[in-house]
Each structure stands twice: as C-alpha cells, then as structure tokens.
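Hi everyone, thanks for coming. Today I'd like to walk you through one protein model, a piece at a time. Please have a look at it first.

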Amino acid sequence: MAHQRVALWAAEPDLDDDINDTDVDIPIPMPSSTNEMYDDPNLQLDEGSLQAMQQHIAQQAAFAQIPDVVKRFIVHFHQAVLDNNLQEVTLAYESGWTRLTEKYYAKTEWPEAETIAPLVNDDQIFLILYRELYYRHVYSRLQPNVDDRFHSYENSCELFNYLLNSDGPVPLSLPANWLWDIIDEFIYQFQSFALFRSRPASKTDDELTMLGSEGGAQAWSSYSVLNVLYSLIQKSRANEWLKARAEGKSDEEIEEIVGEYGTKPLYRMLGYFSIIGLLRVHVLLGDFTLALKVMENVGLGQKAPFTAPTAVHVSTAYHAGVCYFMLRRIPDAARVFTGVLTWVMRARQYHTRSYQYDQINKTADRMYALLALCHVLAPTRLDDNVMNIVRERYGDQIGRMGRGEEGLSTFEELFLYACPKFICANSPPYDDPTALASMLIPPTPTSPSSQNPSVVLGDPTQRHLRAASSHFMSLTPVSSLKSLLKLYTSLDAKKLTGFLDTSGAGVDEEEVLSWMMVMKNAGRCVGRVNTSTAANGEKDNDEGSRPSESLLSGEWMSISDLNFVIDQNMVHIAESTVGRRYAGWFIRNSEHAARVLDSVKASPLPPRIVPTQVQKKSADGPKGEGAPRTTGQKVAWGGVKVA
C-alpha cells in the first residue's frame, strides 16, 4: 500500500489529484491549562508565556497554509524512512521533493521543521533530515541570512553527532545520492560561510555581533569541518576497506578489518564520500599536496567500489585536476580533465534527467576552460573530440592568450571563472573591534600597499591568481622564440638576437639566453603521463596513473617537441614530431562524410525556376517556339544544358 501511495503523489499529470487514503488533518494541541488561564480575569501573562502562545498561533496558521499534497508527501516520506524502504526513500528524494519544490516552493522556503512536526509525530531524526533538505533549498534557491547560516551549522552538528556518537551503527538506510549530497552540501555551506565571513565591510551591526560572539567563532570553523570528515573516515575505516579491496582480500577478511561500522552501507558510503570531500576542502584551503595525498587509496580513473553518483566522479576529477594545475603539473591536469570529460560525453544520455544535471554541466564547462589554460601553458596532444569542444568554446581566448602580455587579462578572466572560490582558514578578528577597524581602513596613497589593497592581499583567490599569472607571464617569450627556432636546425646567437630585437629596444645576447633557459625549463615538468608499463605488469589508465601509484609520484620528463643545445655561439635545434594517428583521423572524416552525404540525400530538390521571358511568351503568344520542350534529352539538376 505504501508503494501505491508514493506512486499517487509522484504522478506526472498533477500533484493535486484527489488522494483520500491518508488523513492529514492533524490538529496542533494547545496546552491543557490554556482554557483555565482564559477564564481567570485577574491573570497577567508573563512575556515568555505570551511569546509561546503567539508562536503557537503562528505555527497553526503556517500549518493551515501547507497544501494537502505536501502534507501527504511528508507523511509518506517519513514512513519510508521509518521502514528503511530504500526504494521509496529514493523515489521521494529524487522525484517527489524536486517536483513539489518546482510547483510550490520555487521562490519561497519550505515549511519549517517545527511546523510539520505534528505530521511526523515529532520524530527528531526525520526532522534533522528534513532540515538538511530545508537549508539546502534555502542555499540553492534563495539568499540565506545570518540566522540560516548558523542554524544550518547546528543542524549539521546534530546529524553528524547522531551518526558518530550513537551506541552502535544507527538503523538508517539512505540512498547513495542523498549521502553524497549531505557531504557535498556540508562542504558548500562551509565554503559559503567562509566567503561570507571574509567580507567584514559589508556586515551590519547585528551580524558583527553574532560573528564576534563565542558561537560565531566556532561556527563553520575549519577544524570542526575537517574533524567531521576525518571522523567519518575513521569510524567507517574507509581507507582500510579500500586497501583490502585493492589487495584482493576475501569478504570475510574485509569484514574483520572494517569492523561493525564499516560493514554497514550507510557508513561505508559516508566514509568514501568524506575522502572526496577532504580532497575538496584541502583544495579550497590551498593545500594541493595534502589534497592529493588524501586520495592515495581512492586513485583516479578507477572504478568506484559501488555505484557512485555521476557528480562524485566529476567532482573528484575537477578538484584533482585543479591540484595538478596549481602544482604546475600541467600534462597531468590535462589528462585528468580529458578523461572525465570523455566519460561525461559518453554518459550524457544517462543523466540528462538527473536533478544533478545542471551542476554536472557547470563543472564540465569549467573543466573545458581549465583545459584551454592547460593548452596555452603546455600544448600536448589530447583527445580530438574534447579539444574540438575546447576550440569551439574558447578558441578566441586561446588565440588572445597566445599573443603574450596582451592575453594576460583573458588568462585571468578564464582562471577566475574556472577555478574554485578559495577560502581562508582563519576569520577576520571580529572579537577585537580595534583590529577589525584597522583592517577596514583603506591604505593611504603613500603607503607601500597602496597598489595592492589589503582586501585583495587577504583574498586567497587573488593570491592563487597572482601565482598562476606570474607563471603565464614567464612564458610569454616562449611562443615567439619557439616559432623562430622551428625554422632552423642551427642558428648563430647574434643572428637570433637580431631577429628578436625587432622593436629596436636593444635586446642583448644575455637576455636572449635567459629566454632560452625559460623555454628549456617550460618544456620539462614532473608528471606521470608518459610512464610506460610497470615492472609488475600494471598499465596506465585513462588519467595516466596506475592503481598502486601515489597521485604525487612522478618523474621529470620533456613535454616539448622542440629541443636545443647551445655550443659556444651556435644554437643547435632538434625537433621531434609525433606521428599522426591515421586510423582515428580516417574514421572521424569517414563518419563526417557519411553524415554530409545523408543530409544531402535527405534534403529536397529546389523548385524549378522558369525565366520571366519564357513566362511572358507562353502567356501572350501562341504555343510554339516559346513552349517548354517536353521531349528530347533530359538534363539533370545542376547539369549544363547542351545547345
């Protein structure tokens, strides 16, 4: 009967169909002493009792405004959670909640948990889960205020305290999509609060007071967020479970290793997703080496140990690629982005109707932008399908960035769009008004920091932007120098200097030598892309890594197709060309020719156009020489008539 009820409220045509199988007219009980209080004419209510009564009346009014179909949905949702019916919980979470949101709460909040508490018999566990959905809706569709930010943190603490500090594993079954969204939203709200907290100039007096209090200093702190993620990993023994699976141990041995919590799907998935969450948190904090260190047991390009949501794979590849990019391991970053983008293109038809589709597309577009930056900093041969999309979307930006200093603004614009919004682990000194006021004072024109205001210096995103921009600017002479060296096999240093000194600025040989050293250094990096089969027989996967290798491992290798040696005053150049992949080239062009031929065959022939003079003769004169010929040789469309 429960499955039938869910099918009724989740029906496509209309959510307001007459459903009479559940009585949702649940009255909110009034205090028993209320009537006696009203009968006493000499009674004087204190302020607390008056506020409680007003709050009770407001809850009754809010409860009456809830549509009946939403009440039935909450009742059925609660029953599915109580029964641990994973199929119904998944249907309610992925379908019912989304549809009701679009119809009734697209631009407003869902009812508060205290309002719908009578519908679920004041079940505190379900109310915690409901508040998680409630605040996620506020963050995604509306603009959260400072109270929402603090209350969402308190609800997250209650949820994770229930999961981690209960006596034994909790009897709760939730789908993998919801568990991933819990971890993902927890980190997103932490990032949002950190960005909100880092701008003291735009705060009101009430917000400054709340942020300066003891609770404000502890709310959404980096320590508390990292503590939750590490606690989930340790409780579920996710790393030990992944190691045991990689070593090929039996199920009985794995159960002994992971213990009571690790055998439960709830904790196992939460632990695995927390590892991905740690990768994201460390990237946001700017610790890219530690972020890759956390992922040693998970790896890249490997099959997940269970059916993980698509958003998990996309988020993992995006943040791992950002780590490689910021560590200047550009080929590794490009290989990671290319691998996941190829997989997303293949699996696009399977997740087009997913509620995560928009987020996946946004992350994929940011990876295309990062791939364009990788192509500018270290051009390498990648998948042609992916590179065609990159050139289609960012071809103009790639051309501008190839002009050297002229493309710096384009590089910064793409970087700010594609990179995550980095955050600072420490908050401004809200508890010290004097120190906070000194931060808000703009620098004087004579101060050393007048060109770089303190607000910009304190922004982590601007710091990472300056680091990436300095690397880009150091490579500006490389493109012109490389194009010039490709024309020769040997070249005199003075002649090379004369070619480069086109503007008459007085470029000397020492400066040209420094440019060539920059070019030499830019053609080498640490990476694992070109590693061959290992001694134990393991091969590289699509992301250029092996299952048993650390993500930080690698060796110095050449990524440039141009090498040179300086012998006294002569520069000897050697260019290595990579053989073209003819098989793939012929296959793609054959498919393109077949599509063009099919479109030509399917297009209708244009109508025959009769000349104007012929039309006049046929209309005015008798039918004779001007009449169209009905016999004789036929001429095909597009051919040339024979006189």
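**A walk through the model**

Let's begin with Lys520, which is partly exposed because its relative accessible area is 29%, between the 20% limit for buried and the 50% limit for exposed. Keep in mind that this is a predicted model. Lys520 sits in helix H27, and if we skip residues up to four places away in sequence, Lys520 touches Asn563 and Phe564. Here is a nice example of folding back: Lys520 and Ser560 are 40 residues apart in sequence, with their C-alpha atoms 8.7 Å apart in space.

Helix H27 covers residues 509-522, and Met517 is found there too. Is Met517 buried, partly exposed or exposed? Met517 counts as partly exposed, since its relative accessibility is 42%. Together with Leu513 and Ile566, Met517 makes a nonpolar surface patch of about 230 Å².

Now let's step back and look at the whole protein. There are 29 helices and five strands, and of the 643 residues, 42% are buried. The accessible surface comes to about 36,000 Å², and carbon and sulfur atoms account for 51% of that. Among contacts with a separation of 6 or more, 72% are between residues 24 or more positions apart.

Next, helix H5, residues 86-104. How far apart should its ends be? With 19 residues at 1.5 Å a residue, the expected span is 27 Å, and the end C-alpha atoms are 26 Å apart, so the two agree. If you're wondering about the 27, the rule multiplies 1.5 Å by one less than the number of residues. H5 also has a kink of about 35°, centred on Ala92. Ala92 is one of the buried residues of H5, along with others including Val89, Tyr93, Trp97 and Leu100.

A quick stop at helix H6, residues 113-116, where we find Thr115. Thr115 counts as buried because its relative accessibility is 6%. Leaving aside residues up to four places away in sequence, Thr115 touches Gln59, Ala62, Phe63 and Ile66.

Finally, salt bridges. Side chains of opposite charge can pair when their charged atoms come close. How many salt bridges are there? The count comes to nine.

In one of them, the side chains of Arg141 and Glu102 meet, at 2.5 Å from N to O. That pair links distant parts of the chain, with Arg141 in helix H7 and Glu102 in helix H5, 39 residues apart. Arg141 is partly exposed because its relative accessibility is 35%, and Glu102 is partly exposed too, with a relative accessible area of 46%.

Another salt bridge joins the side chains of Glu132 and Arg136, at 2.8 Å from N to O. Both of these residues lie in helix H7, four residues apart, which is about one turn of the helix. Glu132 is buried, with a relative accessible area of 9%, and Arg136 is buried as well, at 14%.

Arg136 has a second partner: Arg136 forms a salt bridge with Asp181, where the closest N and O atoms are 3.7 Å apart. Arg136 lies in helix H7 and Asp181 in helix H9, so this pair ties together parts that are 45 residues apart in sequence. Both Arg136 and Asp181 are buried. Put it all together, and Glu132, Arg136 and Asp181 are linked in a network of salt bridges.

Definitions and conventions:
Residues are numbered from 1 along each chain as its sequence is written. This is a predicted model: local features need pLDDT of at least 70, side-chain atom pairs count only at pLDDT 80 or more; totals for chains, interfaces and linings use all residues. Side-chain values use heavy atoms; hydrogens and water are left out. Helices (H or I, at least four residues) and strands (E, at least two) are DSSP runs, numbered from the N terminus. The bend at a residue is the angle between axes fitted to the seven residues ending there and the seven starting there. Buried means under 20% relative accessible area, exposed over 50%, partly exposed in between (1.4 Å probe, protein chains only). Patches are made of residues with over 30% relative accessible area and no salt bridge: like charges are joined within 9 Å, nonpolar side chains (Val, Leu, Ile, Met, Phe, Trp, Tyr) within 5 Å. Accessible areas come from the Shrake-Rupley method with a 1.4 Å probe; for residues, only the protein chains shown count as cover. A salt bridge is a side-chain nitrogen of Lys or Arg within 4 Å of a carboxyl oxygen of Asp or Glu. Contact means heavy atoms within 4.5 Å.
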